[in-house]
Amino acid sequence: MNSRLDSKHWTEYWKSGNKTTFNSQFNDGYDGEIKSFWKSIFYDLKTGDSIADFCCGSGALINLVIEFASENSLDINICGIDYADISVDRIKRLPNILPRIIANTSVEHSGLADSSIDLIISQYGIEYTDIDLAIKEASRICKAKGKMVFIAHTEESKIIKEASTNIEQIDYCTKRLKIAANVRRMLLVLEDKAKADLSGASRKKADKLRTKINRDLVGLNTIITSNKQSTFVKYFVNQLMGVFESDNGKVIPMIEKLKMVDSLLQEIDDYRLRLSDLLGAALSKEMQSKLKQVLTSNGFRVDVFESIYYQTNNIGIKVVASK
Ligand SMILES: C[S@@+](CC[C@H](N)C(=O)[O-])C[C@H]1O[C@@H](n2cnc3c(N)ncnc32)[C@H](O)[C@@H]1O
């Protein structure tokens with residue numbers, strides 16, 4: 001059973017400065033084939049057009065629209081809708097293009113006027129919504145001859161396969177080996193020992209934990225060298241090793257080490273929840289058929305419904321639908 005993120009989780013996620021949900025990959029926003037696809041859609045824009053970005057997050061897609069409009073001297077109106085508490089301050093703006101953010105609002109009930117939008121866009125957003133209601137809403141606000149275009153996660157995508165592998169690796173490290181928890185236990189035993197110079201029993205306990213931790217670390221290092229897909233394990237071992245290192249020659253106090261382990265465990269927990277949410281959102285083949293059907297039954301003609309590739313990897317589907 002996958003747990004899902006709610007609007008509060010997303011608010012925290014965007015407030016901590018993330019630009020997309022793939023930080024390490026799209027640090028400067030969407031690029032490559034994703035950007036090219038959107039540019040091919042934006043070529044049809046005219047001055048005066050209104051665009052709505054469903055599930056806009058921190059505005060990565062809005063930024064692409066604004067960049068395109070600026071390069072092509074277009075005056076357009078753009079708004080983003082998201083149920084998280086998104087601040088407009090982080091989104092690009094130009095003297096002639098001031099994006100509007102409708103935050104704390106579900107796209108299923110956007111509040112936008114009937115037939116007011118020329119282009120509805122969404123990047124990794126629609127699959128998180130109640131598709132029946134979101135498409136119905138898109139159809140209501142879309143002008144005659146308007147378009148709805150989006151990219152969505154699918155179960156066949158490499159992103160989803162990697163998320164699944166990462167969850168397995170997290171569970172192996174944290175639930176099966178419990179290595180971080182053991183480091184924490186060992187630090188606590190050593191802390192007690194330092195305070196009260198406890199007997200040989202606590203030293204024995206610490207030694208036993210240390211032996212287990214070392215054995216597990218050797219095992220994890222073997223996984224790292226033998227498996228190219230071990231991104232999480234590599235990150236985890238690196239972070240954990242930081243606890244045993246000195247801070248530029250200074251010994252890190254025990255209390256700080258404990259804080260480091262706790263914040264690593266919290267970070268992993270949050271990451272696992274986001275991965276699990278991603279798996280829950282990815283469209284199965286069955287959901288993709290349903291999506292096509294929902295678009296059609298809400299008055300959209302489906303012009304494009306196919307896989308999209310980024311650096312030769314399947315990263316979901318691209319959908320172009322017109323009124
Ligand atoms: C994977 S993020 C994508 C954000 C952005 N489009 C991007 O590409 O960076 C999904 C976003 O959908 C929002 N979201 C999920 N369900 C929603 C709904 N029913 N109505 C509005 N926003 C929603 C979340 O708050 C989150 O910001």
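This passage describes the fold, the domains, the cores, the ligand shell and selected local features of a predicted model.

The protein chain contains 10 helices and seven strands. Its C-alpha trace spans about 80 × 40 × 30 Å along the principal axes. The chain has 323 residues, and 33% of them are buried. Contacts across the sequence were also examined. Among those with a separation of 6 or more, 70% join residues 24 or more positions apart.

The domain assignment divides the chain in two. Domain 1 takes in residues 7-157 + 283-322, and domain 2 takes in residues 158-278. Domain 1 is thus written as two segments, with domain 2 placed between them in sequence. The centres of the domains, taken over C-alpha atoms, are 38 Å apart. Six residues from domain 1 and four residues from domain 2 make up the contact. The side of domain 1 that touches domain 2 has one nonpolar residue, four polar residues and one charged residue.

The largest nonpolar core holds 63 residues. Within this core, Val-65 and Ile-120 touch the most other members. Helix H3 (residues 60-71) gives the most to the core, with seven residues. Both domain 1 and domain 2 give residues to this core, so it lies between them. Val-65 itself is in contact with Phe-42, Ile-51 and Ile-78, once its neighbours within four places in sequence are left aside. Another core lies apart from the largest one. That core has 12 residues, and Ile-179, Ala-180, Phe-236 and Leu-240 are among them. In soluble globular proteins, nonpolar side chains tend to be buried together.

The shell around the ligand was examined next. It has 21 residues, of which Trp-10, Cys-55, Gly-57, Tyr-83 and Tyr-128 come nearest. By class, the shell has 11 nonpolar, eight polar and two charged residues. Helix H1 (7-15) and H3 each supply at least two residues of this shell. H3 therefore appears in two settings, as a supplier of the ligand shell and as the element that gives the most to the largest core, which lies between the domains.

Two helices were compared with their expected spans. Helix H9 (residues 254-281) has 28 residues. From its first C-alpha to its last, H9 reaches 41 Å, close to the 40 Å expected at 1.5 Å a residue. The buried residues of H9 are Val-261, Leu-264, Leu-275, Asp-277, Leu-278 and Ala-281. An α-helix has 3.6 residues a turn, so residues three or four places apart point the same way. Helix H10 (residues 285-297) has 13 residues. H10 reaches 19 Å between its end C-alpha atoms, close to the 18 Å expected.

Gly-299 follows H10 and has a positive phi, near 85 degrees. Gly-299 lies in the loop between H10 and strand S6 (301-310). It is partly exposed, because 16 other C-beta atoms lie within 10 Å. Not counting residues up to four places away in sequence, Gly-299 touches Ser-139 and Lys-323. Ala-321 is 22 residues from Gly-299 in sequence, and the two are 9.5 Å apart in space, C-alpha to C-alpha.

Positive phi values also occur in residues other than glycine. Ser-73 has a phi of about 45 degrees and is not a glycine. Ser-73 is placed in the loop between H3 and strand S2 (77-81). Only 8 other C-beta atoms lie within 10 Å of Ser-73, so this residue is exposed. Asn-104 likewise has a positive phi, near 55 degrees. Asn-104 sits in the loop between strand S3 (100-102) and strand S4 (117-123). With 13 other C-beta atoms within 10 Å, Asn-104 is partly exposed.

A further long-range pair involves Ile-41. Ile-41 belongs to helix H2 (residues 32-42). It counts as partly exposed, because it has 18 C-beta neighbours inside 10 Å, and a residue is buried at 20 or more. Ile-41 and Lys-147 are 106 residues apart in sequence, yet their C-alpha atoms are 9.6 Å apart in space.

Methods:
Residues numbered from 1 in each chain as written. Helix = DSSP H or I, 4+ residues; strand = E, 2+ residues; numbered from the N terminus. Expected span 1.5 Å × (residues − 1). Core = buried A, V, L, I, M, F, W, Y, C linked by C-beta atoms within 7 Å. Domains from an automatic or database assignment. Contact = placed C-beta atoms within 7 Å. Nonpolar A, V, L, I, M, F, W, Y, C, P; charged D, E, K, R; others polar. Near = placed C-beta within 6 Å.
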